[in-house]
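Let's go through this one by question and answer, taking the backbone oddities before the helices.

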Amino acid sequence: MTLKLHYDLLSQPSRALYIFLKKCAIPFEEKIVNLKNLEQYTPEFERINPFKRVPVMEHDGFSLSESVAIARYICREFKVDDHWYPSDSKKQAKVDEYLEWQHLNTRRHCLAYTLAKFLNPLMGGKPPKPEKVAELESCMSDCIDIIENVWLKDKPFLTGDTISVADIFCACELEQPRLGGYEARKGRPQLTAWMERVAAETSPHYQDAHKFLNQITAEQSPPPQSFTFKL
């Protein structure tokens with residue numbers, strides 16, 4: 001049975017899985033869930049994922065939510081190059097170390113900032129609160145500094161000399177704050193070079209996955225609350 005991926009490329013974890021599956025040449029049926037139209041809240045989608053979030057994977061009657069769990073499942077069930085999620089226990093543990101760290105760090109802070117600065121004003125029609133945005137931006141910036149100065153201190157990728165799923169997840173998260181006008185690369189040469197390596201290693205799928213985000217940021221001259229999605 002063909003693997004199915006329910007996703008929206010506006011979602012950071014959705015983009016990560018999309019890029020990973022494409023790069024590994026794993027066939028999958030694309031099931032778009034339009035978050036802008038709130039399709040994640042339909043009864044049809046709730047039967048697939050009661051948490052009402054994307055991404056979700058279906059495979060041979062087996063359904064799985066949570067992007068990191070999906071990535072690990074794919075690495076076990078399909079033929080993928082070992083560097084993505086190494087079979088060596090210590091190397092795998094280093095990938096897991098980042099994947100666990102990101103939940104309360106990269107993902108938490110990038111998501112909170114983007115919600116407050118862009119998505120909530122867009123959906124609610126009210127301008128963002130400057131004090132709250134400044135607080136969230138400061139926390140996010142501190143987190144990204146840790147990626148620059150700790151995770152990428154002495155190696156080309158987050159967990160070693162070769163790219164892993166951790167790099168795709170992290171890079172997709174760091175692209176998201178651009179929706180709110182924040183560029184993670186600015187003033188961070190090691191992170192900039194690393195993101196360029198991740199994009200090059202996963203080309204052209206990295207670029208394809210970010211076309212919509214790039215379109216939004218390119219057309220964002222009006223304030224976020226007046227922006228109109230073009231699909």
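Q: Proline 204 is found in the loop between which two helices?
A: This is a predicted model, and in it a cis peptide bond joins serine 203 and proline 204, with omega about 0°. Helix H8 covers 189–201, and the loop holding proline 204 runs between H8 and H9.

Q: Which residue lies in the loop between helix H2 (43–48) and strand E3 (56–59), and follows a cis peptide bond?
A: The peptide bond in question starts from valine 54 and is cis, with omega near 5°. The residue on its far side lies in the H2–E3 loop. That makes it proline 55.

Q: What is the phi of glutamate 66, in the loop between E4 and helix H3 (67–77)?
A: Aspartate 60, in the loop between E3 and strand E4 (62–65), has a positive phi of about 50° although it is not a glycine. Glutamate 66 also takes a positive value in a residue other than glycine. Its phi is near 75°.

Q: Histidine 210 sits in the loop between helix H9 (205–209) and helix H10 (211–218); is it buried or exposed?
A: Leaving out residues up to four places away in sequence, histidine 210 touches Arg15, Ile19, Cys172 and Glu175. Its side chain also reaches the backbone oxygen of tyrosine 206 at 2.9 Å. The relative accessible area of histidine 210 is 2%, so it counts as buried.

Q: How many of the 12 residues of H1 are buried?
A: Helix H1 (residues 12–23) should span 16 Å at 1.5 Å a residue, and its end C-alpha atoms agree with that at 17 Å apart. Among its buried residues are Arg15, Ile19 and Phe20. H1 is mostly covered, and the number buried is 10.

Q: What is the rough relative orientation of H5 and H6?
A: The axes of helix H5 (residues 106–124) and helix H6 (residues 130–151) come within 9 Å and cross at roughly 150°, and the crossing is left-handed. Residues that meet there include Tyr113 and Ala116 in H5, and Leu136 and Met140 in H6. Angles over 145 degrees fall in one class, so the orientation of H5 and H6 is roughly antiparallel.

Q: How far apart are the C-alpha atoms of lysine 126 and lysine 22?
A: Lysine 126 is found in the loop between H5 and H6, and at 61% relative accessibility it counts as exposed. Lysine 22 is 104 residues away along the chain, and the two C-alpha atoms are separated by 38 Å.

How values were computed:
Residues numbered from 1 in each chain as written. Predicted model: local features only at pLDDT ≥ 70, side-chain atom pairs only at ≥ 80, totals over all residues. Heavy atoms only, no water. Helix = DSSP H or I, 4+ residues; strand = E, 2+ residues; numbered from the N terminus. Expected span 1.5 Å × (residues − 1). Buried < 20%, exposed > 50% of the residue type's maximum accessible area, 1.4 Å probe, protein only. Polar contact = N/O pair within 3.5 Å; in protein donor to acceptor, adjacent residues only side chain to side chain. Contact = heavy atoms within 4.5 Å. Axes fitted to C-alpha atoms, helices over the stretch in contact; angles between N-to-C directions. Parallel < 35°, antiparallel > 145°, perpendicular 65-115°, else oblique. Left-handed = near helix turned anticlockwise from the far one by under 90°.
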